[in-house]
Amino acid sequence: MNKKYLKDIDISKIIKVNVLGDERGSLTVIEENNTIPFDIKRVFYIYGTKNEVRRGFHGHYKTRQALISVAGSCKVHLDNLQRKKEVLLDSPEKILLLEPNDWHEMYDFSKDCVLLVLASHYYDPEDYIRDYEVFMEVYSS
Ligand code: T46
(Lines give C-alpha, C1' and ligand atoms only; values in the text may rest on other atoms or scores of the structure.)
Protein backbone atom coordinates (compact mmCIF):
# COMPACT_ATOMS: atom_id res chain seq x y z
CA MET A 1 0.00 0.00 0.00
CA ASN A 2 1.08 3.50 -0.78
CA LYS A 3 2.46 5.18 2.35
CA LYS A 4 1.80 8.57 0.76
CA TYR A 5 -1.95 8.19 1.15
CA LEU A 6 -2.07 5.84 4.09
CA LYS A 7 -1.88 7.19 7.61
CA ASP A 8 -2.69 4.00 9.45
CA ILE A 9 -4.90 0.97 9.54
CA ASP A 10 -6.30 0.36 12.99
CA ILE A 11 -7.67 -2.90 14.27
CA SER A 12 -11.16 -2.07 13.02
CA LYS A 13 -9.75 -2.08 9.47
CA ILE A 14 -10.24 1.61 8.98
CA ILE A 15 -7.85 3.18 6.50
CA LYS A 16 -7.48 6.91 6.96
CA VAL A 17 -6.59 8.60 3.72
CA ASN A 18 -4.67 11.79 3.33
CA VAL A 19 -6.58 14.76 2.02
CA LEU A 20 -4.96 16.61 -0.84
CA GLY A 21 -6.55 19.95 -0.20
CA ASP A 22 -5.82 23.52 -1.09
CA GLU A 23 -7.74 26.78 -0.91
CA ARG A 24 -10.23 25.45 -3.49
CA GLY A 25 -11.32 22.53 -1.33
CA SER A 26 -10.42 18.89 -0.67
CA LEU A 27 -9.50 15.99 -2.89
CA THR A 28 -8.94 12.38 -1.85
CA VAL A 29 -7.54 9.65 -4.08
CA ILE A 30 -8.27 5.92 -3.94
CA GLU A 31 -6.16 3.60 -6.09
CA GLU A 32 -6.72 -0.13 -6.52
CA ASN A 33 -3.97 -2.32 -5.10
CA ASN A 34 -2.52 0.77 -3.54
CA THR A 35 -4.82 2.64 -1.20
CA ILE A 36 -6.98 -0.46 -0.96
CA PRO A 37 -5.57 -3.98 -1.26
CA PHE A 38 -7.56 -5.37 -4.21
CA ASP A 39 -8.58 -4.87 -7.85
CA ILE A 40 -11.79 -2.82 -8.05
CA LYS A 41 -14.29 -4.69 -10.26
CA ARG A 42 -17.47 -2.93 -9.19
CA VAL A 43 -18.59 0.35 -7.65
CA PHE A 44 -22.00 1.11 -6.18
CA TYR A 45 -23.45 3.59 -3.75
CA ILE A 46 -26.26 3.47 -1.26
CA TYR A 47 -28.25 6.61 -0.53
CA GLY A 48 -31.71 7.75 0.54
CA THR A 49 -31.78 5.04 3.21
CA LYS A 50 -34.31 5.73 5.94
CA ASN A 51 -32.81 6.14 9.41
CA GLU A 52 -34.73 3.21 10.90
CA VAL A 53 -33.65 0.82 8.13
CA ARG A 54 -30.92 -1.78 8.66
CA ARG A 55 -29.27 -3.22 5.53
CA GLY A 56 -26.69 -5.84 4.74
CA PHE A 57 -27.14 -8.89 7.00
CA HIS A 58 -24.68 -11.05 5.11
CA GLY A 59 -21.12 -12.17 4.59
CA HIS A 60 -19.51 -13.22 1.32
CA TYR A 61 -17.55 -16.16 -0.03
CA LYS A 62 -15.08 -14.16 -2.12
CA THR A 63 -15.91 -10.47 -2.29
CA ARG A 64 -13.79 -7.93 -0.44
CA GLN A 65 -15.20 -4.44 -0.12
CA ALA A 66 -14.22 -0.93 0.88
CA LEU A 67 -16.93 1.30 2.34
CA ILE A 68 -16.70 5.09 2.40
CA SER A 69 -19.39 7.44 3.63
CA VAL A 70 -18.66 10.22 1.14
CA ALA A 71 -21.48 12.33 2.63
CA GLY A 72 -23.31 12.07 5.94
CA SER A 73 -22.80 9.12 8.24
CA CYS A 74 -23.86 5.59 9.07
CA LYS A 75 -22.77 2.81 11.40
CA VAL A 76 -21.60 -0.68 10.50
CA HIS A 77 -21.89 -3.71 12.75
CA LEU A 78 -19.11 -6.21 12.03
CA ASP A 79 -18.90 -9.80 13.20
CA ASN A 80 -16.14 -12.16 12.06
CA LEU A 81 -17.00 -14.81 14.67
CA GLN A 82 -13.84 -13.86 16.59
CA ARG A 83 -15.22 -10.52 17.63
CA LYS A 84 -17.99 -8.04 17.04
CA LYS A 85 -17.51 -4.36 16.49
CA GLU A 86 -19.43 -1.23 15.63
CA VAL A 87 -17.75 1.23 13.28
CA LEU A 88 -18.94 4.78 12.69
CA LEU A 89 -18.40 6.00 9.14
CA ASP A 90 -18.74 9.74 9.38
CA SER A 91 -16.05 11.11 7.11
CA PRO A 92 -15.01 10.75 3.46
CA GLU A 93 -11.49 10.35 4.84
CA LYS A 94 -12.25 6.96 6.42
CA ILE A 95 -12.33 3.72 4.43
CA LEU A 96 -13.64 0.56 6.09
CA LEU A 97 -12.23 -2.65 4.64
CA LEU A 98 -14.58 -5.63 4.74
CA GLU A 99 -13.22 -9.12 4.25
CA PRO A 100 -15.51 -11.90 2.97
CA ASN A 101 -15.77 -13.30 6.50
CA ASP A 102 -17.03 -10.03 7.97
CA TRP A 103 -20.75 -10.37 8.57
CA HIS A 104 -21.98 -6.80 8.21
CA GLU A 105 -25.06 -4.74 8.89
CA MET A 106 -25.34 -1.02 8.10
CA TYR A 107 -27.69 1.18 10.10
CA ASP A 108 -28.35 4.60 11.61
CA PHE A 109 -28.04 6.30 8.22
CA SER A 110 -28.19 10.09 8.28
CA LYS A 111 -30.60 11.60 5.76
CA ASP A 112 -27.74 12.83 3.59
CA CYS A 113 -25.66 9.65 3.77
CA VAL A 114 -24.09 8.46 0.53
CA LEU A 115 -22.25 5.20 1.19
CA LEU A 116 -19.80 4.41 -1.60
CA VAL A 117 -18.76 0.77 -1.95
CA LEU A 118 -15.80 -0.55 -3.95
CA ALA A 119 -15.93 -4.29 -4.53
CA SER A 120 -13.33 -6.83 -5.60
CA HIS A 121 -15.75 -8.95 -7.68
CA TYR A 122 -18.61 -8.50 -10.12
CA TYR A 123 -22.10 -8.91 -8.70
CA ASP A 124 -23.02 -12.53 -8.09
CA PRO A 125 -25.97 -13.39 -5.82
CA GLU A 126 -24.28 -16.79 -5.20
CA ASP A 127 -21.43 -15.01 -3.44
CA TYR A 128 -23.73 -13.87 -0.62
CA ILE A 129 -24.15 -15.77 2.65
CA ARG A 130 -27.42 -14.38 3.97
CA ASP A 131 -28.12 -17.06 6.58
CA TYR A 132 -26.13 -16.52 9.79
CA GLU A 133 -26.22 -20.27 10.57
CA VAL A 134 -24.58 -20.99 7.21
CA PHE A 135 -22.12 -18.13 7.78
CA MET A 136 -21.07 -19.78 11.06
CA GLU A 137 -20.69 -23.17 9.37
CA VAL A 138 -18.55 -21.69 6.59
CA TYR A 139 -16.28 -19.55 8.76
CA SER A 140 -15.95 -21.27 12.11
CA SER A 141 -12.75 -23.29 12.01
C1 T46 B 1 -22.77 -5.22 0.73
C2 T46 B 1 -23.35 -3.98 1.28
C3 T46 B 1 -22.34 -3.05 1.85
C4 T46 B 1 -27.36 -5.72 -7.89
O5 T46 B 1 -28.15 -6.08 -8.78
N6 T46 B 1 -26.05 -5.52 -8.17
C7 T46 B 1 -25.16 -5.11 -7.22
O8 T46 B 1 -23.96 -4.93 -7.52
C9 T46 B 1 -25.63 -4.89 -5.88
C10 T46 B 1 -24.67 -4.45 -4.79
C11 T46 B 1 -26.95 -5.10 -5.62
N12 T46 B 1 -27.80 -5.51 -6.61
C13 T46 B 1 -29.23 -5.70 -6.29
C14 T46 B 1 -29.55 -6.88 -5.39
C15 T46 B 1 -30.78 -6.40 -4.64
O16 T46 B 1 -31.93 -6.69 -5.41
O17 T46 B 1 -29.69 -4.53 -5.59
C18 T46 B 1 -30.62 -4.88 -4.60
C19 T46 B 1 -30.17 -4.38 -3.23
O20 T46 B 1 -28.99 -5.12 -2.81
P21 T46 B 1 -28.80 -5.64 -1.32
O22 T46 B 1 -30.10 -5.99 -0.73
O23 T46 B 1 -27.75 -6.72 -1.35
O24 T46 B 1 -28.23 -4.32 -0.62
P25 T46 B 1 -27.52 -4.19 0.80
O26 T46 B 1 -27.47 -2.74 1.10
O27 T46 B 1 -28.13 -5.08 1.82
O28 T46 B 1 -26.02 -4.72 0.57
C29 T46 B 1 -25.15 -4.06 -0.33
C30 T46 B 1 -24.37 -5.07 -1.19
O31 T46 B 1 -25.28 -5.91 -1.88
C32 T46 B 1 -23.46 -5.94 -0.36
O33 T46 B 1 -22.53 -6.63 -1.16
O34 T46 B 1 -21.82 -5.74 1.26
O35 T46 B 1 -24.21 -3.26 0.39
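Trp-103, Tyr-132, Phe-135 and Tyr-139 form one aromatic cluster in this predicted model, where rings of Phe, Tyr and Trp (its six-membered ring) are paired if their centres lie within 6.5 Å. The structure holds 6 aromatic pairs. In one of them, the rings of Tyr-123 and Tyr-128 have centres 5.8 Å apart and planes at 70 degrees, so this pair is edge-to-face; planes over 60 degrees apart earn that name, those under 30 count as stacked, and the rest are tilted. Tyr-123 counts as exposed because its relative accessibility is 51%, whereas Tyr-128, at 17%, counts as buried (buried means under 20% relative accessible area, exposed over 50%, and partly exposed in between, with a 1.4 Å probe and protein chains only). A further ring, that of Tyr-107, has Arg-54 lying over its face at 4.1 Å from the ring centre, the criterion being that NZ of Lys or CZ of Arg is within 6 Å of the ring centre and within 35 degrees of the ring normal.

Residues are numbered from 1 along each chain as its sequence is written. Because the model is predicted, local features need pLDDT of at least 70 and side-chain atom pairs count only at pLDDT 80 or more, while totals for chains, interfaces and linings use all residues, and side-chain values use heavy atoms, with hydrogens and water left out.

Tyr-128 also leads to the ligand, since of the 13 residues around the ligand, Tyr-128 comes nearest together with Arg-42, Arg-55, Gln-65 and His-104; a residue is near a molecule if one of its heavy atoms lies within 4 Å of it. The shell around the ligand divides into 5 nonpolar, 5 polar and 3 charged residues, where Ala, Val, Leu, Ile, Met, Phe, Trp, Tyr, Cys and Pro count as nonpolar, Asp, Glu, Lys and Arg as charged, and the others, Gly among them, as polar. Strands β3 (42-47), β4 (55-60) and β9 (103-107) each supply at least two residues of this shell, and the largest share, 4 residues, comes from β4 (strands are DSSP runs of E, at least two residues, numbered from the N terminus).

Several N or O atoms of the protein lie beside oxygen atoms of the ligand, and a polar contact is a pair of such atoms within 3.5 Å; within protein, one must be able to donate a hydrogen and the other to accept it, and residues adjacent in sequence count only if both atoms are side-chain atoms. The side chain of His-104 places an N or O atom 2.6 Å from a ligand oxygen, the side chain of His-58 does so at 3.1 Å, and a backbone N or O atom of Gly-56 lies 2.9 Å from a ligand oxygen. Taken alone the ligand exposes 650 Å², of which the protein buries 67%, with areas from the Shrake-Rupley method.

His-58 is found in strand β4 and is buried, with a relative accessible area of 8%. A polar atom of its side chain lies 3.0 Å from the backbone oxygen of Gly-56, and a polar contact of 3.5 Å joins the side chains of His-58 and Arg-130.

The loops hold some further details. Most residues other than glycine have a negative phi. Asn-33, in the loop between β2 (14-17) and β3, nevertheless has a positive phi of about 55 degrees, and Asn-33 is partly exposed at 46%. Asp-108, in the loop between β9 and β10 (114-119), has a positive phi near 55 degrees and is partly exposed at 29%.

Note on methods. Accessible areas come from the Shrake-Rupley method with a 1.4 Å probe; for residues, only the protein chains shown count as cover.
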